[in-house]
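Take a look at the chain below, then read on. The report walks through its parts one at a time.

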Amino acid sequence: MAENLNRRNTRQRELVFEAVCCGNHPAAREIFDQIAKTERISLGTVYRNLMILEEEGEIVQVKSDPELVRYDRRRDLHHHLHCKICGRVYDMPLPYNSGFDREAAKKSGYRIERHSITFEGICAACMQEKPPKKGSQKGPPKGS
Ligand SMILES: [Zn+2]
Ligand SMILES: [Zn+2]
């Protein structure tokens, strides 16, 4: 019995981990929606496994989205772009500047562990989307 339960827990943890890896900084709800397409899982189980994976150092929380806690499989220090239109969070391909940390330590007297930068803007996908033309708004469905 206990072994079965263990196996089930491991399987669920793997599913949650995979969903974090496949998604783009997904939030708990998105992870749940993704897994629930094919498996039976509860939102509570997703939250619990996210916590465990975080404790184990497999994933980290991203705080680049002010509205949602998102998760990242990348544990190296890197920066993010938060799109203010779609709300997605992307990795920013810029090197981590540890000189900032040293300088901040010198200036503040703090022991600095890391810094994070979130660039705010509009992602490439949203920029490509044309703004809605005047008069093209959908009216009430025909025949009503
Ligand atoms: Zn966007
Ligand atoms: Zn990231």
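## A hairpin and its sheet

Start with the turn: strand 3 and strand 4 form a hairpin, and 5 residues lie between them. Gly87 sits in that turn with a positive phi of about 80°. Keep in mind that this is a predicted model.

Strand 3 covers residues 79–83 and runs antiparallel to strand 4, joined to it by 4 bridges. On its other pairing, strand 3 runs parallel to strand 5, again through 4 bridges. The result is an open sheet of 3 strands in the order 4-3-5, with mixed pairing. Strand 4 (89–92) and strand 5 (118–121) are the edge strands, and each pairs on one side only. Neighbouring strands of this sheet are turned against each other by 30° on average, direction ignored.

Two histidines of strand 3 show how the pairing works. The table lists who stands opposite whom.

| Residue | Opposite residue | Strand of the opposite residue |
|---|---|---|
| His80 | Asp91 | strand 4 |
| His82 | Val89 | strand 4 |
| His82 | Glu120 | strand 5 |

So much for the sheet. Now step back to the whole chain.

## The overall plan

The protein has 5 helices and 5 strands. Read from the N terminus, the elements run α-α-α-β-β-β-β-α-β-α. There are 144 residues, and 17% of them count as buried. Now consider contacts between residues at least 6 apart in sequence: 48% of these join residues at least 24 apart.

## The nonpolar core

Which helices each supply at least two residues of the largest nonpolar core? They are helix 1 (2–22), helix 2 (28–36) and helix 3 (43–55). This core has 13 residues. Helix 1 gives the most, with 4 residues. The residues with the most contacts inside the core are Val16, Val20, Ala28, Ile31, Val46, Leu50 and Tyr71.

Val20 is a good one to follow. Leaving out residues up to four places away in sequence, Val20 touches Pro26, Ile31, Ile59, Tyr71 and Arg73. Two of these names, Ile31 and Tyr71, also appear among the core residues with the most contacts.

## Helix 3, face by face

Helix 3 has 13 residues, so at 1.5 Å a residue it should span 18 Å. Its end C-alpha atoms are 19 Å apart, which agrees.

Which residues of helix 3 are buried? They are Val46, Asn49 and Leu50. Seen down the helix axis, the buried residues of helix 3 fall within an arc of 110°, so they line one face. The general rule helps here: an α-helix has 3.6 residues a turn, so residues three or four places apart point the same way. The face turned away from the buried side of helix 3 carries the exposed residues Gly44, Met51 and Glu55. Just after helix 3 comes Gly57, with a positive phi of about 80°.

## Helix 4, out in the open

Is helix 4 (residues 98–108) largely buried or in the open? Of its 11 residues, the number buried is 0, so helix 4 lies largely in the open. A glycine follows here too: Gly109, just after helix 4, takes a positive phi of about 80°.

## Two loop residues

Loops deserve a look as well. His25 is in the loop between helix 1 and helix 2. His25 has a positive phi of about 45°, although it is not a glycine. Most residues other than glycine have a negative phi. Is His25 buried or exposed? His25 has 22 C-beta neighbours inside 10 Å, so it counts as buried. The cut-off for buried is 20 or more.

Ile41 belongs to the loop between helix 2 and helix 3. With 19 C-beta neighbours inside 10 Å, Ile41 counts as partly exposed. Which residues does Ile41 contact, leaving aside neighbours within four places in sequence? They are Gln12, Leu15, Phe32, Ile35, Ala36 and Val46. Take Gln12: it is 29 residues from Ile41 in sequence, yet their C-alpha atoms are 7.8 Å apart in space. Val46 also appears among the buried residues of helix 3.

Methods: Residues numbered from 1 in each chain as written. Chains lettered and ligands numbered in written order. Predicted model: local features only at pLDDT ≥ 70, side-chain atom pairs only at ≥ 80, totals over all residues. Buried ≥ 20, exposed ≤ 12 C-beta atoms within 10 Å, placed from the backbone. Contact = placed C-beta atoms within 7 Å. Pairing = 2+ DSSP bridges. Axes fitted to C-alpha atoms, helices over the stretch in contact; angles between N-to-C directions. Core = buried A, V, L, I, M, F, W, Y, C linked by C-beta atoms within 7 Å. Expected span 1.5 Å × (residues − 1). Arc of directions from axis to C-beta.
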